[in-house]
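Grab a viewer and work through these short exercises. Each task comes with a solution you can follow step by step.

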Amino acid sequence: MLYHVIHLQTNEMKTLKPENVLDMAYDSDGRVIVIDNDQQSYFLLADTNLINEP
């Protein structure tokens, strides 16, 4: 599974592998926050399970 994320401060879009994810949590608005191994925080945009491959 790959996680498509956007950085909270810089808006940089990135794809994280599960081994790069330290933790996941929800913010006060119910959005999923992904914290990577470098302690950077991202909003979860999607994971590959949501994409339908033909």
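**Exercise 1: the fold at a glance**

From the N terminus on, the protein's elements run β-β-β-β-β. Keep in mind that this is a predicted model.

Task: Work out how many helices and strands the protein has, and what share of its residues is buried.

Solution. Start with the secondary structure: there are zero helices and five strands. Next, take the 54 residues and apply the cut-off, where buried means under 20% relative accessible area. Buried residues come to 24%. Finally, look at the outside: the accessible surface is about 3,900 Å², and carbon and sulfur atoms hold 50% of that.

**Exercise 2: a hairpin**

Task: Find how strands β3 and β4 run relative to each other, parallel or antiparallel, and describe their turn.

Solution. First locate β3 at residues 21-26 and β4 at residues 32-36. The two run antiparallel, joined by five bridges. To check the register, pick Asp23, which sits opposite Ile35 in β4. Then follow the chain through the turn: five residues lie between the strands of this hairpin, and Gly30 there has a positive phi of about 85°.

**Exercise 3: the core**

Task: List the residues of the largest nonpolar core, then trace the contacts of Leu16.

Solution. Six residues make up this core: Tyr3, Val5, Leu16, Val21, Val34 and Tyr42. Now centre on Leu16 and skip its neighbours within four places in sequence. What remains in contact with Leu16 is Met1, Leu2, Tyr3, Val5, Val21, Val34, Asp36 and Tyr42. Zooming out, of the protein's contacts with a separation of 6 or more, 35% link residues 24 or more positions apart.

Methods: Residues numbered from 1 in each chain as written. Predicted model: local features only at pLDDT ≥ 70, side-chain atom pairs only at ≥ 80, totals over all residues. Heavy atoms only, no water. Helix = DSSP H or I, 4+ residues; strand = E, 2+ residues; numbered from the N terminus. Buried < 20%, exposed > 50% of the residue type's maximum accessible area, 1.4 Å probe, protein only. Contact = heavy atoms within 4.5 Å. Areas by Shrake-Rupley, 256 points an atom, 1.4 Å probe, with all protein chains shown as cover. Pairing = 2+ DSSP bridges. Core = buried A, V, L, I, M, F, W, Y, C linked by side-chain atoms within 4.5 Å.
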